[in-house]
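Biologist: Before we start, please explain the words you use for side chains. I would like to see how each label is reached.

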Amino acid sequence: MSRKLIDPSPQRPSLRSLTAIDAARIAVQRPGGRAVPSHELVERMETQTGEKATVLIVEDDRALRSGLRWALADDYAVLEAETRREALEQLQREEVDVVICDLHLPPVTESIQEGLIIVEAAKQKRPPVPTVVITGSADKQVALEAVRHGAYGFFEKPFNEDEVLHIVRQAARVRRLEAENLRLRSKLSGQRGFGRLIGSSPALEEVIRQARAVASTDATVLICGESGTGKELLACAIHEESPRAGGPFIAVNCAALPETLIESELFGHEKGAFTGATQAKKGRFELANGGTLFLDEIGELSPAVQVKLLRVLQERSFERLGGTRTIEVDIRLIAASNRDLEQETEKGAFRQDLFYRLNVVPLTLPPLRERREDIPVLAAFFANKAARKHGFQPPELAPELLAALQAYDWPGNVREMENLMERLVVLTRGATLGIEYLPQKMKSTALTVEQITEPPDATLEEAVQNLKKRMLLRALEAEGGNRGAAAKRLGISRSYLHRLINELGLSV
């Protein structure tokens with residue numbers, strides 16, 4: 001039986017709702033062109049995320065606020081506020097999906113301005129947060145005014161709990177649809193395929209050339225490289241440039257999964273397979289069917305899982321844990337490791353037969369210290385990315401900052417650089433990023449502005465070129481002209497040193 005709020009007496013449903021957006025008419029196109037109905041998309045999203053939507057109740061009547069909280073708490077995470085100020089703080093601090101708001105709020109309860117300010121603030125969020133306003137039966141014109149200001153809808157007091165749940169559910173679905181559409185648009189507007197890999201150094205270009213050649217096939221790929229070099233990015237690029245691009249790309253970090261769970265995660269399990277297995281679950285192999293499965297840090301797999309993985313690669317079939325039915329899958333496997341798996345097989349830490357199955361097409365991503373010519377463009381790319389993320393204007397990079405970035409060895413590689421550039425963007429208040437907020441270990445290698453004697457009209461490129469010349473000459477002088485030792489001092493390869501000498505026109 002339906003529970004009544006405020007007015008417990010039986011009566012004709014009193015909800016008077018007027019929605020600004022009809023959720024049932026929003027659809028997203030599938031790759032094949034058929035539209036996915038909004039309710040189907042949202043139900044799929046809700047199943048995938050498993051998270052409750054958050055509702056903010058803004059009401060100065062404590063009893064009414066308590067009744068709404070009681071009605072919504074089973075299905076939603078509920079936040080509360082009594083005033084406009086508290087509501088705006090909650091909107092700023094929390095991820096709110098729906099606002100339920102009384103228009104008459106203190107300190108000016110005789111007007112609706114306090115409530116309208118909340119409606120406007122919720123509308124400015126990205127994506128907008130739907131606001132459902134509370135009104136009395138004599139205030140229909142007031143409610144319509146709120147809708148004109150962007151409110152999603154309204155209901156009258158007294159109200160029925162089921163009707164309130166219905167309009168809140170619809171509003172939450174609209175928000176999730178718009179959030180998903182925003183995410184998809186953002187993803188589609190970004191770089192795809194090998195365009196994700198920033199840089200033009202010969203070392204990176206050679207890897208991309210090989211990756212392009214293998215992308216159009218179904219060959220198994222083994223990507224090696226230090227942590228932070230972009231192994232998952234390369235794997236995703238191969239998938240996006242392959243005939244499987246329309247299928248799923250499923251990534252698994254083998255090092256992040258407990259050994260007791262990894263077999264279930266990869267191959268799935270049947271109901272009752274172990275304690276806590278209350279229902280059957282698909283593994284990552286099944287989820288990747290028709291697409292690409294990326295196994296990162298594959299060297300962390302236990303010997304038992306290595307044996308089962310070898311069988312799957314040979315037969316493209318397996319059984320779930322606790323199951324007897326053979327499941328066949330059509331996948332392309334890309335594996336990655338920051339270890340030398342060939343050395344691991346020699347030590348007996350990794351199965352040799354599995355290594356040969358994985359090592360069909362080996363690709364090795366160079367560390368950042370071996371592609372220093374890419375550092376300026378990478379730094380600019382990550383600085384602009386961080387600026388967009390935090391709502392800032394794209395910054396400029398001071399010459400002394402570029403000098404410090406190129407002199408550093410980058411043990412964390414590209415991932416470390418991305419994090420550093422976001423730090424500089426967030427902390428710097430001016431339009432130019434300098435060395436002020438660099439970690440101390442990087443400041444020790446940085447040249448100050450006074451040490452860079454460039455003409456006042458020099459371009460950034462000219463300043464960087466002159467800086468490279470000085471650093472090369474200093475290293476060669478310190479090592480008595482020994483090019484191998486100078487390259488080691490600078491943290492670059494000998495071949496790159498020779499190329500720089502030629503490019504910069506140095507007679508040494």
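Modeller: Partly exposed is the label between two cut-offs: buried means under 20% relative accessible area, and exposed means over 50%. Keep in mind that this is a predicted model.

Biologist: Why is Lys123 called partly exposed?

Modeller: Lys123 has a relative accessibility of 32%. Buried needs under 20% and exposed needs over 50%, so Lys123 counts as partly exposed. Glu120, with 28%, is partly exposed as well.

Biologist: What makes Glu120 and Lys123 a salt bridge?

Modeller: The cut-off is 4 Å from a side-chain nitrogen of Lys or Arg to a carboxyl oxygen of Asp or Glu. For Glu120 and Lys123 the N to O distance is 3.4 Å, so the side chains meet in a salt bridge. Both residues lie in helix α4 (residues 113–124), and being 3 residues apart they are separated by about one helical turn.

Biologist: Which labels do the partners Lys347 and Glu344 get, buried or exposed?

Modeller: Lys347 has a relative accessible area of 61%, so this residue is exposed. Glu344 has 10%, so Glu344 is buried. The closest N and O atoms of their salt bridge are 3.2 Å apart.

Biologist: How do you know that Arg320 and Glu286 form a salt bridge?

Modeller: Their N to O distance is 2.9 Å, and the limit is 4 Å, so the pair qualifies. The pair links distant parts of the chain, with Arg320 in the loop between β13 and β14 (327–328) and Glu286 in helix α10, 34 residues apart. Arg320 and Glu286 are both buried. A search of the whole structure finds 32 salt bridges.

Biologist: How many aromatic pairs are there?

Modeller: The search of the whole structure finds 7 aromatic pairs.

Biologist: Why is the pair of Phe267 and Phe285 called stacked?

Modeller: The ring centres are 5.3 Å apart and the planes are at 15°. Pairing needs centres within 6.5 Å, and stacked needs planes under 30 degrees apart, so this pair is stacked. Phe267 lies in helix α9 (residues 259–267) and Phe285 in helix α10 (residues 284–287), so the pair ties together parts that are 18 residues apart in sequence.

Biologist: What makes the pair of Phe285 and Phe318 tilted?

Modeller: The angle between the planes is 55°, with 5.9 Å centre to centre. Stacked is under 30 degrees and edge-to-face is over 60, so 55° counts as tilted. Phe318 is buried, at 0% relative accessibility. Phe267, Phe285 and Phe318 form one aromatic cluster.

Conventions. Residues are numbered from 1 along each chain as its sequence is written. This is a predicted model: local features need pLDDT of at least 70, side-chain atom pairs count only at pLDDT 80 or more; totals for chains, interfaces and linings use all residues. Side-chain values use heavy atoms; hydrogens and water are left out. Rings of Phe, Tyr and Trp (its six-membered ring) pair if their centres lie within 6.5 Å; planes under 30 degrees apart count as stacked, over 60 as edge-to-face and the rest as tilted. Helices (H or I, at least four residues) and strands (E, at least two) are DSSP runs, numbered from the N terminus. Buried means under 20% relative accessible area, exposed over 50%, partly exposed in between (1.4 Å probe, protein chains only).
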